[in-house]
Amino acid sequence: MVKWQKQLRSWVGRYFDLPSDVMLDLPRITTIGSIHAYIENHTGLLHFSDQEVRLKYRDGHISIKGKELRIKMMLKEELLLEGTLDSVEFFTDQKEGGK
């Protein structure tokens with residue numbers, strides 16, 4: 001997304017008090033303690049094992065690490081993960097050209 005479009009979306013979201021995940025196509029992660037994670041607005045599953053799940057989103061990917069991870073439900077843009085969650089990390093894709 002072009003930088004000015006991202007800034008405009010951010011401004012519109014703040015002005016109309018809209019959620020950032022909707023305006024900026026960001027993933028939303030809801031956890032229940034460290035046993036469940038509900039991830040919305042992802043764009044695909046990159047990797048799955050019982051110790052790590054990586055999901056793609058528009059600007060990068062998310063890495064969720066833990067133990068005995070299992071996918072309980074997966075839809076086009078939603079995923080319910082179960083297990084013992086240890087960490088959630090976000091990685092932004094580096095795009096050449098800087099725009």
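**Exercise 1. Getting the overall picture**

What share of the 99 residues of the protein chain counts as buried? Work that out, then describe the fold.

*Solution.* Keep in mind that this is a predicted model.

- Step 1: Start with burial. The cut-off for "buried" is under 20% relative accessible area, and 25% of the 99 residues of the protein chain count as buried.
- Step 2: Turn to the outside. The protein chain exposes about 6,800 Å², and carbon and sulfur atoms supply 53% of that area.
- Step 3: List the elements. You should find 2 helices and 6 strands in the protein chain, and their sequence pattern reads α-α-β-β-β-β-β-β.
- Step 4: Check the contacts. Take those with a separation of 6 or more: 42% of them join residues 24 or more positions apart.

**Exercise 2. Laying out the sheet**

Find the order in which the 6 strands sit in the sheet, and name the edge strands.

*Solution.*

- Step 1: Recall how sheets are held. Strands of a sheet pair through backbone hydrogen bonds, in a parallel or an antiparallel way.
- Step 2: Trace the neighbours. The sheet is open, its order is E1-E2-E6-E5-E4-E3, and its pairing is antiparallel.
- Step 3: Pick out the edges. Strand E1 (28–32) and strand E3 (44–48) are the edge strands, since each pairs on one side only.
- Step 4: Look at the twist. Ignoring direction, neighbouring strands of this sheet are turned by 30° against each other on average.

**Exercise 3. A closer look at E2**

Work out what E2 pairs with, and which of its side chains are buried.

*Solution.*

- Step 1: Take the E1 side. E1 and strand E2 (residues 36–40) are antiparallel and share 5 bridges. Ile-32 has His-36 as its bridge partner in E2, and Arg-28 has Glu-40.
- Step 2: Follow the connection. E1 and E2 make a hairpin with 3 residues between them, and Gly-33 in the turn has a positive phi of about 55°.
- Step 3: Take the E6 side. Here too the strands run antiparallel, with 5 bridges joining E2 to E6. His-36 stands opposite Glu-82 in E6.
- Step 4: Sort the side chains by face. Ala-37 and Ile-39 point to one face and are buried, whereas His-36, Tyr-38 and Glu-40 point to the other face and are not.

**Exercise 4. Charged pairs**

How many salt bridges are there? Go through the Glu-52, Asp-59 and Glu-82 cases and compare the burial class of each partner.

*Solution.*

- Step 1: Think about the chemistry. Side chains of opposite charge can pair when their charged atoms come close. The cut-off here is a nitrogen of Lys or Arg within 4 Å of a carboxyl oxygen of Asp or Glu, and the count comes to 5 salt bridges.
- Step 2: Glu-52 meets Arg-54 at 3.5 Å, N to O. Glu-52 is buried because its relative accessible area is 18%; Arg-54, at 29%, is partly exposed.
- Step 3: Asp-59 meets Arg-58 at 3.8 Å, N to O. Asp-59 has a relative accessible area of 14%, so it is buried, while Arg-58 is partly exposed at 27%.
- Step 4: Glu-82 meets Arg-70 at 2.6 Å, N to O. This pair links distant parts of the chain, with Glu-82 in strand E6 (residues 78–92) and Arg-70 in strand E5 (residues 60–74), 12 residues apart. Glu-82 is buried at 16% relative accessibility, and Arg-70 is partly exposed at 42%.

**Exercise 5. Positive phi outside glycine**

Where do Asn-41 and Glu-68 lie, and what is the sign of phi in each?

*Solution.*

- Step 1: Asn-41 sits in the loop between E2 and E3. Its phi is positive, near 70°, though the residue is not glycine. With 22% relative accessibility, Asn-41 counts as partly exposed.
- Step 2: Glu-68 belongs to strand E5. Phi is positive again for this non-glycine residue, at about 50°. Glu-68 counts as exposed because its relative accessibility is 58%.

**Exercise 6. A nonpolar patch**

Which residues make the nonpolar surface patch, and where does Phe-16 lie?

*Solution.*

- Step 1: Collect the members. Val-2, Trp-4, Leu-8, Trp-11, Tyr-15, Phe-16 and Leu-18 make a nonpolar surface patch of about 800 Å².
- Step 2: Place Phe-16. This residue is in the loop between helix H1 (3–15) and helix H2 (20–23).
- Step 3: Classify Phe-16. Its relative accessibility is 53%, so Phe-16 counts as exposed.

How values were computed: Residues numbered from 1 in each chain as written. Predicted model: local features only at pLDDT ≥ 70, side-chain atom pairs only at ≥ 80, totals over all residues. Heavy atoms only, no water. Patch = residues over 30% accessible without salt bridge, like charges linked within 9 Å, V, L, I, M, F, W, Y side chains within 5 Å. Areas by Shrake-Rupley, 256 points an atom, 1.4 Å probe, with all protein chains shown as cover. Salt bridge = Lys/Arg side-chain N within 4 Å of Asp/Glu carboxyl O. Helix = DSSP H or I, 4+ residues; strand = E, 2+ residues; numbered from the N terminus. Buried < 20%, exposed > 50% of the residue type's maximum accessible area, 1.4 Å probe, protein only. Contact = heavy atoms within 4.5 Å. Pairing = 2+ DSSP bridges. Axes fitted to C-alpha atoms, helices over the stretch in contact; angles between N-to-C directions.
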